[in-house]
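I opened my notebook to look up a few things in this structure. My entries follow in the order I made them.

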Amino acid sequence: MSTLSIIFTALFYISLFIFIVGMGKKIYQFWITPAPLKIPTAPTQLTQTGVVFRMIREVTLFESLFKSNKWIWLFGFLFHFGLLLVLVRHLRYFIPGDLPEVFLLIQPFKYAAFAMVIGLGGLLVRRIFVARIRYISAPSDYLMLLMLITIGVSGVVMTFTDNHTDVMMVKAFASGLVTFDWTNLPTETHFLVHLFLVFVLLAIFPISKLLHVPGVFFSPTRNQVDDARKKRHISPWALQQEKEHAVKLEQTLGKDE
Amino acid sequence: MAAKEFDIPKLPTYIEIPELNPGIMKGDGPFKSAEEFQTPLGFPGEKVDNWQEVAIAKMGELKSKYRSVQVFLDSCVKCGACTDKCHYFLGSSDPKNMPVARQDLFRSVYRRHFTFAGKYFPKLVGAKELDDDMLDDWYNYFHQCSQCRRCSVFCPYGIDTAEISMAAREVLDAVGIGQKYCNQILGKALTVGNNLGLPEPALRDTLLDLEEEVEEDFGAPVKYPLDVKGAEILLITPSADFFAEPHIDGLIGYGKVFYQDGVSWTMSSYASEGANFGMFIGSYDIMRKAALRIRKAALDLEVSRVMVGECGHAWRVAYSFWNTLSGVGAGAQSSDEYALKLQNQLDHRYPQPQHVIEYTYDLIQRGKLEFDKSENDDRTVTFHDSCNVARATNMGGIEGGQFILPREVIKAVCNNYVDMERSTIKESTFCCGGGGGLLTDDLMEIRVKGAMPRMQALKEVEKNEGVNTLAAICAICKSQFTKVLPKFDFDPYMIVSVHQLVSAAIILDKPQTDAEDAVEADAAETE
């Protein structure tokens, strides 16, 4: 194996490790942090089923964003949906050996790369030219978009121009990462940039605003059932406090309250 | 102290997103609390020496106790969806009144002290130190947020600036920088029992005067009982209802509905306040302390129903938090002795707590009330959805009930009703501009500017539909509108309680059964 291949192979495992451990820690933190009060935002759902459907609409259709701003919704949706399709199509590289026939059906997903890049471009243009959004942007907000655009464009260049890379070699490399059967990777610049930035993205996922991905599922204003009057909702720390308080009153006043 | 001069915003034909005017609302914020108001609440009397240390520690504590704070601080992608949603931004054009920018005052410090990126690459991710300037900005701009949650409706992750603003105020209190208005009032509420500091004899006198007045005006012996043990209903209403205009006409209305229903009810001198400013300052403990007074009153007076008068954030605290804080509600587990002690006493054929609008609506549905709607024929009414009711509660147990019930009550007593523009009502309602602990004269500039979007929508229905009455079910809204309506060339008396409209139209025909008889009859019924 070439030195370059060894470096990229190592980078893959390192970034994946950071991603898994980092996300695991963050999700665990979200999980154990109590939500002491019922704070769902209107339009609230009165049942658990309603909440599940609300969350599904939120993460698949970006319902609240649609209500809020049609341009951000359009570009955001193009990007996320494009990314999803592109990711599904990328599975072909990681599955060793012959692909199931269903992969013929998702071959056209490659065009989703354009949706993704157009969406990102729209978001970047808005970030630069809409004064309100420019005001709230930090350098990292631009960098994140530029990085994703570079990943998208380098992919598009490899897929749709004459700058193809050796796809069979990519497949051998990628599936080798999964099966621990490591091989050399192609060395075209497009490909290396594409791959490197994806590794960077994986590694910064748990320490950046990409945390919105797990965050949305833990958002109390979206995931709580509006049933505060019907069920007593109390967090462990509040319950502890309540008990100590009751005991204290018992001792000092000789009665409850 | 003379109020600062400022321009009153012009009302546009439709709401435009203003050009940014950075720093236009920069200032010292509302009057700061003094030691005499801080100490009783358990806060330092003045800014502590090691305030940075204390503040960062408090931030760490809060984010470990509130999932909302932790998740919201981590999840914002700065997409900009919320930037044009805040009434204070639309009215003031200060970019720090954009919800995300307001949150970022807090988030940038969070990043600096609690995140990898912010510790090692602060410039890159916009992480900032909590220095004197930042602290001043916190105090100023977190008191330009009415915690109305409009931004949260529109955020793709449901990020609620109210949660961040409450956390920031809690940190400020922890370092000894409190807001005078809220903390002084809380002192009264937690000792005397209401925000006005009205002791029992004064309250009793007020209610007796009210009874005389109502009997004179309407010819019926409507009672406004206080501390009646064994009454069926305990009414918890904002203390503004006892004194302020137009609030008191709402209280008169509740009394007339109770009278007509023939139910026994009482108010409590110990828990004579529906408002709970503990929510505004973000303190769970103080909010709970205030809520416990109601629990105690309910237990002591042995009531079977707890009802809440017209007050926006009071209804949020009651509907969403009382069950948690003090067990006023239903569905406690069999091991939960604390909550069951009260819940076993309450009559669960009714929702606990119940809003007075739910109560009146239910009586109307059951045909128990009769109205002469023509009494309100001089009015064309529109309804202002108060933010806490609209976005943080429910009524009637049906989806969107908090929008439906008040409108149905109004339509049952008025012939002329129209809604304001859809994007300014219901879950998208614009705050009156005075909520969240901002209803103080030292914040008049932001109150007036923040009222602009609501005033704009009102102006449209005034012009196009001839609306001359604005009905609301929130004591803060009513007080705020009374002050700001004239600034936008409206009649200050156009703001009314929903139960004032009920009061005008209700036909009183039944003599009320004697309160004691009613109690006995009830007791017999339950046995």
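I began with a pair of residues: Phe383(B) stands opposite Ala471(B), which belongs to strand 6 of chain B. I note that the model is predicted.

Next I looked up the strands around that pair. Strand 5 of chain B and strand 6 (residues 469–472) of chain B run parallel, and 3 bridges join them. I then followed the sheet outward. It is an open sheet of 3 strands in chain B, with the order 5-6-7 and parallel pairing. At its edges I found strand 5 (381–383) and strand 7 (495–497) of chain B, each pairing on one side only. Neighbouring strands of this sheet are turned by 35° against each other on average, direction ignored.

I moved on to helix 3 of chain B. Are its residues 67–75 buried or exposed? I found that 9 of its 9 residues are buried. Among them are Arg67(B), Asp74(B), Val69(B) and Phe72(B).

What do these buried residues pack against? In chain A, I listed helix 1 (3–32), helix 11 (212–218) and helix 12 (220–223). In chain B, I listed helix 2 (51–65), helix 5 (99–114) and helix 10 (161–174).

That led me to the contact between the chains. It takes 59 residues from chain A and 66 residues from chain B. Helix 3 of chain B gives the most to the side of chain B that touches chain A, with 6 residues. I also checked that side by class: 31 residues are nonpolar, 19 polar and 16 charged.

Notes. Residues numbered from 1 in each chain as written. Chains lettered and ligands numbered in written order. Predicted model: local features only at pLDDT ≥ 70, side-chain atom pairs only at ≥ 80, totals over all residues. Pairing = 2+ DSSP bridges. Helix = DSSP H or I, 4+ residues; strand = E, 2+ residues; numbered from the N terminus. Axes fitted to C-alpha atoms, helices over the stretch in contact; angles between N-to-C directions. Buried ≥ 20, exposed ≤ 12 C-beta atoms within 10 Å, placed from the backbone. Contact = placed C-beta atoms within 7 Å. Nonpolar A, V, L, I, M, F, W, Y, C, P; charged D, E, K, R; others polar.
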